[in-house]
Amino acid sequence: MKKLLLAIAIGSLCAVSFAQGKDLKVAIDPTYEPFTFKTADGKPTGFDVDIASALCEQVKRKCVFVEQVWDSMIPGLQAKKYDVIISSMSITADRLKVIDFTNKYYNTPSRIVVKKDVKFDGPASLKGKKLGVLKGSTQEKYAMGELKTVGVEVVPYEAQDQVYLDIKSGRLDGTVADFVEVTGGFLSKPEGKDYNLVGPELYTEKYFGTGVGIGLRKGETALKNELNAGIKTIRANGTYKKINDKYFKFDVYGK
């Protein structure tokens, strides 16, 4: 009997160790600097990637990053191509209908960006302009709801860096994008010198949700609880601040 109990105990420990040590497949769209992008040698990096790695350490799993086009992120999650989405995905009511989210791990506003010579005094003043947005994003939802209705041509793109390429080539007049991303990924670079932010910070919940969280399949409560505990821990132990300060000069966790 003792041998049997010992065997059961060892088997249980092995099962726990395997569960803790197995890979956590993390979906990313590496076209969203400084949150998720690639180094010169093709390795994924950025704020999201570092946060994911810190959380994997907390839950004793190995992060394996899976590149995915943005507008197929959720279908890929549902098809079990990966376990979670850690790629600046906002928690919105529409998304909550089909997937689950952890608590937020950051929250930044979106902004409109156009040429400096554009006289902006509200959405209607952009009538006739052509703005590029990331397909399937909260910014696309905002642009369709608030800008297209007043005569702005809204053009969805598979990746945000493609938007910047077409702005540079003159095919677009601007974009709607996350404030931090567009500042680091476009406005701070030579090609963005003739463009600026216009209008207020955009936080409207019906478009932009309640912050950025980790996307999971419905029903994965144990993993969700582990990741929520991980977010709380890295916020408390200084890991989050260290990652934050690597990329930003302010607390990106936001309000």
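**Entry 1: Asp166**

I started with Asp166 and found it in helix α6. This is a predicted model, so I read every value here as computed. Is Asp166 buried or exposed? Asp166 counts as buried because its relative accessible area is 13%, and the cut-off for buried is under 20%. I then listed what Asp166 touches, leaving aside residues up to four places away in sequence: Tyr157, Arg171 and Leu172.

**Entry 2: the sheet beside α6**

Next I followed helix α6 itself, residues 160–168, and saw that it lies across β8, β9, β10 and β11. Helix α6 runs at about 150° to β10.

That took me to the sheet. What is the order of its strands? I read β9-β8-β10-β7-β11, an open sheet of five strands with mixed pairing. The edges are β9 (153–157) and β11 (195–202). Each of these two has a single partner strand, so one side of each is left without a neighbour in the sheet. I also looked up the twist: neighbouring strands are turned by 30° against each other on average, direction ignored.

A second helix packs on this sheet, namely α5, residues 138–147. Helix α5 touches β7, β8 (130–134), β9, β10 and β11, and its direction makes about 130° with that of β10.

I picked one strand pair for a closer look. Strands β7 (residues 110–115) and β10 (residues 174–178) pair in the antiparallel sense, over five bridges. Which residue of β10 is the bridge partner of Ser110? I found Asp178 there. A reminder to myself: strands of a sheet pair through backbone hydrogen bonds, either parallel or antiparallel.

**Entry 3: α2 against α9**

I moved on to a helix pair. Helix α2 (residues 47–58) and helix α9 (residues 221–236) pack at an angle of about 110°, and their axes are 9 Å apart. Angles of 65 to 115 degrees count as roughly perpendicular, and α2 and α9 therefore fall in that class.

Which residues make the contact? From α2 I noted Ile51, Ala54, Leu55 and Gln58. From α9 I noted Leu227, Gly230, Ile231, Thr233 and Ile234. By class, this contact has six nonpolar, three polar and no charged residues.

Gly230 seemed worth a stop. Gly230 belongs to helix α9, and it is buried, with a relative accessible area of 2%. Leaving out residues up to four places away in sequence, Gly230 touches Leu55 and Gln58. How far apart are Gly230 and Leu55 in sequence and in space? They are 175 residues apart in sequence, and 5.6 Å apart in space, C-alpha to C-alpha.

**Entry 4: the two sides of α10**

My last helix was α10, residues 239–247, where Tyr240, Ile243, Asn244 and Tyr247 are buried. Why do I say that these residues line one face of the helix? Seen down the axis of α10, its buried residues fall within an arc of 100°, so they line one face. That buried set packs against β3 (44–45), α2 and α9, which links this entry to the previous one.

What sits on the face of α10 turned away from the buried side? I found the exposed residues Lys241, Lys242 and Lys246 there.

Asp245 also lies in α10. Asp245 is partly exposed, with a relative accessible area of 41%. I checked one distance from Asp245 as well: Gly199 is 46 residues away in sequence and 27 Å away in space, C-alpha to C-alpha.

Notes: Residues numbered from 1 in each chain as written. Predicted model: local features only at pLDDT ≥ 70, side-chain atom pairs only at ≥ 80, totals over all residues. Heavy atoms only, no water. Pairing = 2+ DSSP bridges. Helix = DSSP H or I, 4+ residues; strand = E, 2+ residues; numbered from the N terminus. Axes fitted to C-alpha atoms, helices over the stretch in contact; angles between N-to-C directions. Contact = heavy atoms within 4.5 Å. Parallel < 35°, antiparallel > 145°, perpendicular 65-115°, else oblique. Nonpolar A, V, L, I, M, F, W, Y, C, P; charged D, E, K, R; others polar. Buried < 20%, exposed > 50% of the residue type's maximum accessible area, 1.4 Å probe, protein only. Arc of directions from axis to C-beta.
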